[in-house]
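Grab a coffee and work through these short exercises with the model open beside you. Try each task before reading its solution.

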Amino acid sequence: MLNIGNLSFFLIASIVLIITPGQDMLYVIARSIGQGRIAGIASAFGVCSGVLVHTLAAAIGLSALLMTSAIAYNIIKYAGAAYLIYLGVRTIISREQENSLSNLRGRSLKKIYYQGLLSSLLNPKLALFFLAFLPQFVDSTQDKVALQIIILGLMFVTMAIIWFIFLAFVTSYVGNWMQTNSTWRRFQRYFTGSILILLGARLALPEQN
């Protein structure tokens, strides 16, 4: 179904895009350093679940709404920015982040997963990216174009989750080292919160031509 030449180019392009620092990568890194490896992995699955939703939306054409409607785009954009800033402020003023990794409960991890999911879903730039990126590698001469987009999206998500989990493992060592010092634990909280606030502010900035 998929053209081999297109598929090879897609894999190369996807790897380059995935390892390029962006909002989702910074979110996973911030969670990993701030709350440990397990929290980083939970956030990685969260943001990648959002990527999967964007893929499905691109496949059925819903993302086109964001391209044609400035109002819809701005609503989602500012909602996402506000949510990230809210998470950042809450992280800074909360002392939960000073708990050790072993004290994280399943409910906390579930919350981290959903926060990552919402962070990804409320990023309209990501939706438009998949609408523009995935169709370039689809063989339009074949049937089931939507299915081809979904397959490509699943491949992209699989590579992204592997990369994000690797980052969670690597960066969590920094966070685990900081756990032994109360001053560094406070730094973790402010670091994680500041990154989330900066991501929200960046998302809210006007587009640059």
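**Exercise 1. Work out how exposed the two tyrosines are and how their rings pair.**

Start with tyrosine 114: its relative accessibility is 41%, so it counts as partly exposed (between 20% and 50% relative accessible area, with buried under 20% and exposed over 50%; 1.4 Å probe, protein chains only). Tyrosine 113 is partly exposed too, at 26%.

A quick note on the ground rules: this is a predicted model, where local features need pLDDT of at least 70, side-chain atom pairs count only at pLDDT 80 or more, and totals for chains, interfaces and linings use all residues. Residues are numbered from 1 along each chain as its sequence is written, and side-chain values use heavy atoms, leaving out hydrogens and water.

Next, apply the ring rule: Phe, Tyr and Trp rings (six-membered ring for Trp) pair if their centres lie within 6.5 Å, and planes under 30 degrees apart are stacked, over 60 edge-to-face, the rest tilted. That gives two aromatic pairs. In one of them, tyrosine 113 and tyrosine 114 sit 5.3 Å apart centre to centre with 75° between the planes, an edge-to-face pair.

**Exercise 2. Check the length and cover of helix H2.**

Helices here are DSSP runs (H or I, at least four residues), numbered from the N terminus. H2 covers residues 23-35, and its 13 residues span 18 Å from first to last C-alpha, close to the expected 18 Å (1.5 Å times one less than the number of residues).

Now the cover: 12 of the 13 residues in H2 are buried, including Met25, Tyr27 and Ile33. Just past H2, glycine 36 has a positive phi of about 105°.

Technical notes: Helices (H or I, at least four residues) and strands (E, at least two) are DSSP runs, numbered from the N terminus.
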